[in-house]
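This report describes the fold, the nonpolar interior, the aromatic contacts and the pockets of one protein chain. The sequence and the model are shown first.

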Amino acid sequence: MKVRFKYGIRTYSGTADDMTYCSYRKGTVCIGRKHTSPRITAQNTSMGVIMKNLAKVYSECSAGYKAELKTYASKYEALVPKNKVAPGAYPIFVKMMFLFAELDAEHIDLATITHSDLLTVGTDIQSVADAVANSYLPNVSGADELTTNM
């Protein structure tokens with residue numbers, strides 16, 4: 001649910017009073033939900049391993065690549081309807097990686113892939129421009145100029 005605060009507070013991110021709040025669209029939208037702790041299942045454990053690994057891979061990407069991914073995310077935001085929340089750079093990276101693994105499931109395991117593996121087998125997604133050209137990311141204006149490698 002969208003949240004409106006009193007006393008001039010526009011948005012808040014964090015957990016307070018059994019509610020979790022998230023700030024979106026550069027501090028103009030705040031969404032709240034009831035805080036719940038998920039049950040530990042095999043799927044949760046598997047996703048946790050994958051997400052920790054992807055966070056490590058993303059942290060090893062070049063600063064220029066991350067900056068261009070942020071630029072792509074801000075351009076992509078124009079394609080998202082106003083009543084939806086646009087993803088940032090890291091969620092776009094994760095979505096791209098899941099599609100990359102899905103299309104080559106025999107060779108790509110997101111739980112174990114490394115940054116150096118991507119430099120070798122990930123030529124289709126080396127840069128944002130490559131990922132757009134190879135249909136791993138939707139096309140936005142100026143995407144062909146985002147050529148910095150991971």
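## Overall architecture

From the N terminus on, the elements of the protein chain follow the order β-β-β-α-α-α-α-α. The secondary structure thus comprises 5 helices and 3 strands. The model is a predicted one, and every value below is computed from it.

The C-alpha atoms occupy a box of roughly 50 × 40 × 25 Å along the principal axes. The protein chain has 150 residues, of which 34% count as buried.

## The nonpolar core

In soluble globular proteins, nonpolar side chains tend to be buried together. Here the largest nonpolar core has 34 residues, and the members that touch the most others are Y72, F93, M96, M97 and I125. Two or more residues of this core come from each of helix 1, helix 2, helix 3 and helix 5 (128–133). Helix 3 gives the largest share, 8 residues.

One C-alpha distance relates helix 2 to F93. L69 is placed in helix 2 and is buried, because its relative accessible area is 0%, below the 20% cut-off. L69 and F93 are 24 residues apart in sequence, yet their C-alpha atoms are 7.8 Å apart in space. F93 also has a relative accessibility of 0% and therefore counts as buried.

## Aromatic pairs and a charge over a ring

A pair of aromatic rings is described by the distance of the centres and the angle of the planes. The model contains 5 aromatic pairs. In one of them, Y58 and Y90 meet edge-to-face, with 5.1 Å between centres and 65 degrees between the planes. This pair links distant parts of the chain, since Y58 belongs to helix 1 (residues 42–60) and Y90 to helix 3, 32 residues apart. The two partners fall into separate accessibility classes: Y58 is buried, with a relative accessible area of 12%, whereas Y90 is partly exposed, at 26%.

Y90 also pairs with F93, and this pair is stacked, at 6.5 Å centre to centre and 25 degrees between the planes. Y90 and F93 are 3 residues apart in helix 3, so about one helical turn separates them. Through these ring pairs, Y58, Y90 and F93 are linked into a cluster. The ring of Y58 has a further partner: the charged end of K66 sits over this ring, 5.3 Å from its centre.

## The largest pocket

Which residues line the largest pocket? They are Y24, R25, K26, K70, A73, S74, E77, V85, A86, P87, G88 and A89. The space in this pocket is about 220 Å³. Helix 2 (residues 63–76) gives the most to the lining, with 3 residues.

By class, the lining of the largest pocket holds 6 nonpolar, 2 polar and 4 charged residues. Among the charged residues of the lining are R25, K26, K70 and E77.

## The second largest pocket

The second largest pocket has a volume of about 180 Å³. Its lining is formed by Y72, Y76, V80, P87, P91, I92, K95, M96, L99, Y136, L137 and P138. In this lining, 11 residues are nonpolar, none is polar and 1 is charged. The charged residue is K95.

Helix 2 and helix 3 (89–103) each supply at least two residues of this lining. The largest share, 5 residues, comes from helix 3. Two residues of this lining, Y72 and M96, are also among the members of the largest nonpolar core that touch the most others. P87 appears in the lining of the largest pocket and in that of the second largest pocket.

## A backbone feature after helix 5

Where is S135 found? S135 lies in the segment after helix 5. The phi angle of S135 is near 65 degrees, which is a positive value in a residue other than glycine. S135 counts as exposed, because its relative accessibility of 57% is over the 50% cut-off.

Conventions. Residues are numbered from 1 along each chain as its sequence is written. This is a predicted model: local features need pLDDT of at least 70, side-chain atom pairs count only at pLDDT 80 or more; totals for chains, interfaces and linings use all residues. Side-chain values use heavy atoms; hydrogens and water are left out. On a 1 Å grid over the protein atoms alone, a cavity is a set of points where a 1.4 Å probe fits but cannot get out, and a pocket is an open set with protein on both sides within 12 Å along at least five of seven lines; lining residues have an atom within 4 Å of a point. Grid points are joined across faces, edges and corners, and a volume is the space filled by probe spheres set on the points. Helices (H or I, at least four residues) and strands (E, at least two) are DSSP runs, numbered from the N terminus. Rings of Phe, Tyr and Trp (its six-membered ring) pair if their centres lie within 6.5 Å; planes under 30 degrees apart count as stacked, over 60 as edge-to-face and the rest as tilted. Buried means under 20% relative accessible area, exposed over 50%, partly exposed in between (1.4 Å probe, protein chains only). A charge sits over a ring if NZ of Lys or CZ of Arg is within 6 Å of the ring centre and within 35 degrees of the ring normal. A nonpolar core is a set of buried Ala, Val, Leu, Ile, Met, Phe, Trp, Tyr and Cys residues joined through side-chain atoms within 4.5 Å.
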